[in-house]
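Here are a few notes to read alongside the coordinates. I have kept them as numbered points, so please dip in wherever you like.

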Amino acid sequence: MRPIVLTVNGVDLRVQAADDDMLLDVLRRDAGCTSVREGCGVGACGACTVLVSGRSVSSCLARAVAYDGADITTADGLPAGDDVVAAFVDGGAMQCGYCIPGMVLMTHELLAENSAPDDEAVASHLEGNKCRCGAYPEIRRAIDRAAVRRRG
Ligand code: FES
Ligand code: FES
């Protein structure tokens with residue numbers, strides 16, 4: 001075990017992490033970020049996605065000790081009135097909702113890079129995010145809605 005510091009949603013968190021502790025588990029266990037979810041545990045579903053300095057990371061594959069000093073955003077750290085969350089809610093883009101935090105964070109990453117993503121860009125960016133409930137059309141429409149609103 002060794003001490004590390006993670007900045008999680010703007011708050012510094014000092015934890016003891018073993019070499020094989022995954023970021024997913026530290027965020028859930030030590031930071032209480034239950035929006036960070038384990039689906040597959042092997043990097044294939046996107047449910048565990050977090051943003052590190054704005055870039056998406058699969059936290060189930062990330063050793064926590066490698067992120068000492070990192071600036072991490074989880075979906076539960078997004079501000080009230082977050083535009084992407086609002087677009088998902090308005091569009092009913094969820095069924096069970098298990099995958100949605102990862103989808104929302106991937107959408108933030110996408111819109112930061114591309115303010116007007118076309119269908120191909122959306123599909124390509126979110127191809128690693130699997131939704132067992134099959135809500136993809138609503139999710140795609142929500143991302144379009146978020147992009148349009150953000151452009152004003
Ligand atoms: S739980 Fe990490 S990608 Fe599926
Ligand atoms: S809404 Fe259920 S897994 Fe996507």
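1. Let's begin with a charge and a ring. In this predicted model, the charged end of Arg37 is placed over the ring of Tyr98, at 5.5 Å from the ring centre. If you then go looking for aromatic pairs, a search of the whole structure returns zero.

2. Next, the nonpolar core. Which residues have the most contacts inside the largest nonpolar core? They are Phe88, Met103, Ile139 and Ile143, in a core that counts 24 residues. Two or more residues each are given to this core by α2, α3 and α5, the last of these spanning 136-151. The largest share is that of α3, with seven residues. As background, nonpolar side chains in soluble globular proteins tend to be buried together.

3. Some nonpolar side chains are found on the surface too. Val85, Val89 and Met94 make a nonpolar patch there of about 230 Å². Met94 belongs to the loop that runs between α2 (83-90) and α3 (100-113). Is Met94 buried, partly exposed or exposed? It counts as partly exposed, because its relative accessibility is 35%, and buried would require a value under 20%.

4. Now to the salt bridges. How many does a search of the whole structure find? The number is eight. One of them is between Arg140 and Asp119, whose closest N and O atoms are 3.7 Å apart. This pair links distant parts of the chain, with Arg140 in helix α5 and Asp119 in helix α4 (residues 119-125), 21 residues apart. Both ends are partly exposed: Arg140 has a relative accessible area of 29%, and Asp119 has one of 48%.

5. A small network deserves a look as well. Asp21, Arg29 and Asp30 are joined into one network by salt bridges that share partners. On one side, the side chains of Arg29 and Asp21 meet at 3.4 Å, N to O. On the other, Arg29 pairs with Asp30, where the closest N and O atoms are 3.2 Å apart. The two acidic partners fall into separate classes of exposure: Asp21 is buried, because its relative accessible area is 15% and the limit for buried is under 20%, while Asp30 is partly exposed at 31%.

6. Staying with Asp30, where is it found? Its place is the loop between α1 (23-29) and β3 (49-52). If you would like a distance to check in your viewer, the C-alpha atoms of Asp30 and Val148 are separated by 37 Å, and these residues are 118 apart along the chain.

7. Finally, a word on the backbone. Most residues other than glycine have a negative phi, so I would draw your eye to two residues here. Asn9 is not a glycine, yet has a positive phi of about 55°. Asn9 sits in the loop between β1 (2-8) and β2 (11-17) and is partly exposed, with 28% relative accessibility. Ser53, also not a glycine, has a positive phi of about 50°. The loop between β3 and β4 (55-58) holds Ser53, and this residue is exposed, with a relative accessible area of 58%.

Definitions and conventions. Residues numbered from 1 in each chain as written. Chains lettered and ligands numbered in written order. Predicted model: local features only at pLDDT ≥ 70, side-chain atom pairs only at ≥ 80, totals over all residues. Heavy atoms only, no water. Phe/Tyr/Trp six-rings, centres within 6.5 Å; stacked < 30°, edge-to-face > 60°. Lys NZ or Arg CZ within 6 Å of the ring centre and 35° of its normal. Patch = residues over 30% accessible without salt bridge, like charges linked within 9 Å, V, L, I, M, F, W, Y side chains within 5 Å. Areas by Shrake-Rupley, 256 points an atom, 1.4 Å probe, with all protein chains shown as cover. Salt bridge = Lys/Arg side-chain N within 4 Å of Asp/Glu carboxyl O. Helix = DSSP H or I, 4+ residues; strand = E, 2+ residues; numbered from the N terminus. Buried < 20%, exposed > 50% of the residue type's maximum accessible area, 1.4 Å probe, protein only. Core = buried A, V, L, I, M, F, W, Y, C linked by side-chain atoms within 4.5 Å.
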